[in-house]
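Thanks for coming. I will put the structure up and then talk through a handful of residues and regions.

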Amino acid sequence: MMKTNMKFFAAAAVMTLAMGAQGAWAATANGTASATIVNPIAVSNSRDLAFGSIATVAEGGTVALTAVSTTVVTDTSVVSSGTQTSAKFTVTGGAYNTYSFSVPETVTLARGAGGTGNTMSATLTNSTPAGLGSAGSEDIYVGGTLTVGANQANGTYSGTFVATVAYN
């Protein structure tokens, strides 16, 4: 009986040592979870992109508008006049947040139902977002270069493009 008790005590001692050693190899720490709620990001069109009135010429050409608040015509290889403005989009959201802004690389301007001589293409560029300041808003400008075909058909041409914003 004494042998049995000794075996029991020996086994209990080994288990106690093993449990103590395991405790020395483990540790715990607390973590914290948090969340910040911000206003949803939104974009609205404040001003359309306008290349103005363009006279048709035999060789065609381009009209380029900068993507800044005060539009600058940087290239006119065709005769153009009238209202020429970059597009203006207002982005709103949470104060001091950064975001991305994008427009497609090109937009097609069409006259009537389309067809030969009834479309033109413009490549688009935009100003770089600086971020939503303390007011939670920023204006972004879109300019572009319109390619006018040789002897482009007379008429009013228009096309639409989508501006997309997302928080970074």
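Start at Asn151, in the loop that joins strand 10 to strand 11, the latter being residues 164–167. This is a predicted model, so please hear every value as computed from a prediction. Asn151 has a positive phi of about 50 degrees, and it is not a glycine. Most residues other than glycine have a negative phi. Is Asn151 buried or exposed? With a relative accessibility of 56%, Asn151 counts as exposed, because the cut-off for that class is over 50%.

There is another residue of this kind. Tyr96, which is also not a glycine, has a positive phi of about 70 degrees. Tyr96 sits in the loop between strand 6 and strand 7. Its relative accessible area is 64%, so Tyr96 is exposed.

Now the overall layout. The protein has 168 residues, and 27% of them are buried. It contains one helix and eleven strands. In sequence order the helix comes first, and the strands follow it. Of the contacts between residues at least 6 apart in sequence, 71% join residues at least 24 apart.

On confidence: the mean pLDDT of the protein is 86, with 83% of the residues at 70 or more. Where is confidence lowest? That is helix 1, residues 2–24, with a mean of 58. At the other end, strand 6, residues 87–92, has the highest confidence, at 98. Please keep the value for helix 1 in mind when you look at that part of the picture.

Next, the interior. In soluble globular proteins, nonpolar side chains tend to be buried together. Here the largest nonpolar core has 25 residues. Which residues have the most contacts inside this core? They are Phe51, Val91, Tyr99, Phe101, Val142 and Leu146. The elements that give two or more residues to the core are strand 3 (61–65), strand 6, strand 7 (99–102), strand 8, strand 9 (119–126) and strand 10. Strand 10 supplies the largest share, four residues.

Let me take Phe51 from that list. Phe51 is in a loop, the one between strand 1 (42–47) and strand 2. The residue is buried, since its relative accessible area is 6% and the limit is under 20%. Setting aside neighbours within four places in sequence, Phe51 is in contact with Val63, Leu65, Thr83, Gln84, Ala122, Gly144, Thr145 and Leu146. Phe51 and Gly82 lie 31 residues apart along the sequence, with 8.4 Å between their C-alpha atoms.

Leu146 comes up again when we turn to Gly61, in strand 3. Gly61 is buried, because its relative accessible area is 15%, and buried means under 20%. Outside its neighbours within four places in sequence, Gly61 has contacts with Ser77, Val78, Leu146, Thr147 and Val148. Gly61 and Leu146 are 85 residues apart in sequence, and their C-alpha atoms are 8.4 Å apart.

That leaves the pocket. The largest pocket has a volume of about 490 Å³. It is lined by 23 residues, and those closest to its centre are Gly52, Leu109, Met120, Leu146 and Tyr157. Three elements give two or more residues to the lining: strand 2 (53–54), strand 8 (106–110) and strand 10 (137–148). How is the lining made up by class? There are 13 nonpolar and ten polar residues, and no charged ones. Leu146 is thus listed both among the residues with the most contacts inside the core and among those closest to the centre of the pocket.

One last residue, Thr108, is in strand 8. Beyond residues up to four places away in sequence, Thr108 touches Thr119, Met120, Ser158 and Gly159. Met120 was one of the residues closest to the pocket centre. Thr108 and Thr119 are eleven residues apart along the chain, and their C-alpha atoms are separated by 6.7 Å.

To recap the residues: Asn151 and Tyr96 are exposed, while Phe51 and Gly61 are buried. I will leave the structure on the screen for discussion.

Conventions: Residues numbered from 1 in each chain as written. Predicted model: local features only at pLDDT ≥ 70, side-chain atom pairs only at ≥ 80, totals over all residues. Heavy atoms only, no water. 1 Å grid on protein atoms, 1.4 Å probe; cavity = no way out; pocket = protein on both sides within 12 Å on 5 of 7 lines; lining within 4 Å. Points joined across faces, edges and corners; volume = space filled by probe spheres on them. Nonpolar A, V, L, I, M, F, W, Y, C, P; charged D, E, K, R; others polar. pLDDT = per-residue confidence, 0-100. Core = buried A, V, L, I, M, F, W, Y, C linked by side-chain atoms within 4.5 Å. Buried < 20%, exposed > 50% of the residue type's maximum accessible area, 1.4 Å probe, protein only. Contact = heavy atoms within 4.5 Å.
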